[in-house]
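Work through the exercises below with the model open. Each task is followed by a solution in steps.

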Amino acid sequence: MVSDNIKIKRTESLDSVMSRLQRVVMAKRLKTSKQREYVLSLIYNSKIHLSPEEIALKLKNDNKDSSLSSVYRILQFLETYGFVTSIEADKSGKRYEIAAKEHHYHIICLDCGNIMEFIDDDIRNKQVEIAKSLQCELVSDNLRIFVLCDKCLNKKNKKDIIY
Ligand SMILES: [Zn+2]
Ligand SMILES: [Zn+2]
């Protein structure tokens, strides 16, 4: 069953994610950083896949002193330690989401870059089956489907009528 346009569930509470961050920061003997915590909770609570630029803008709007380069550094750290994952959506670059999320797949519009999410057990099962048929065990999967979304198709159709 494909279920789209649903809010993919978080598999861990924000508190638990934050205390994991604290443990990594302590283990690495780093200074705690309010900005790092802020970026992580921002990504956790976001319904969309955020670009570094959008995160930097959010920080600025919330009167947090920050630069795009420090956002890049924070994102790299968070991705290295498995707190966030990135997805290459279009030419504009990477977008980020929280790693503690139900397993899901992405549909990306090639025109506007909109990213949609869906869960499909049939696709998952098929992959397990394919791996098994090759005497392998499925470890992970990553599916991106590229489309023209309904909004972009509508725009196109309207243009076709005008010209
Ligand atoms: Zn689109
Ligand atoms: Zn996603």
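A salt bridge is a side-chain nitrogen of Lys or Arg within 4 Å of a carboxyl oxygen of Asp or Glu. The model used here is predicted.

**Exercise 1.** Decide what charged partner and what polar contact Asp 120 has.

Solution. Step 1: locate Asp 120, which is in strand 5. Step 2: look for an opposite charge; the nearest such side chain is Arg 124, 10 Å away. Step 3: apply the cut-off of 4 Å. Asp 120 is buried and has no salt bridge. Step 4: look for a polar contact; the side chain of Asp 120 reaches the backbone nitrogen of Asp 122 at 2.8 Å.

**Exercise 2.** Find the donors of the zinc ion (ligand 1) and classify the site.

Solution. Step 1: the protein donors are the SG atoms of Cys 109, Cys 112, Cys 149 and Cys 152, lying 2.3 Å from the ion. Step 2: the angles among the 4 donor atoms are 107 to 113°. Four donors count as tetrahedral if all angles lie between 85 and 135 degrees, so the site of ligand 1 is tetrahedral. Step 3: Cys 112 lies in the loop between strand 4 and strand 5 and Cys 152 in helix 6, so the pair ties together parts 40 residues apart in sequence. Step 4: Cys 112 is partly exposed at 42%, whereas Cys 152 is buried at 5%.

**Exercise 3.** Classify the site of the zinc ion (ligand 2).

Solution. Step 1: His 49, Glu 97, His 104, His 106 and Glu 117 coordinate the ion at 2.0 to 2.7 Å. Step 2: the angles among its 6 donor atoms run from 52 to 171°, and the site is irregular.

How values were computed. Residues numbered from 1 in each chain as written. Chains lettered and ligands numbered in written order. Predicted model: local features only at pLDDT ≥ 70, side-chain atom pairs only at ≥ 80, totals over all residues. Heavy atoms only, no water. Donors = N, O, S within 2.8 Å, 3.2 Å for Na, K, Ca; no water. Tetrahedral: all angles 85-135°; square planar, octahedral: opposite > 155°, others 65-115°. Helix = DSSP H or I, 4+ residues; strand = E, 2+ residues; numbered from the N terminus. Buried < 20%, exposed > 50% of the residue type's maximum accessible area, 1.4 Å probe, protein only. Lys, Arg positive; Asp, Glu negative; His and termini not counted. Polar contact = N/O pair within 3.5 Å; in protein donor to acceptor, adjacent residues only side chain to side chain.
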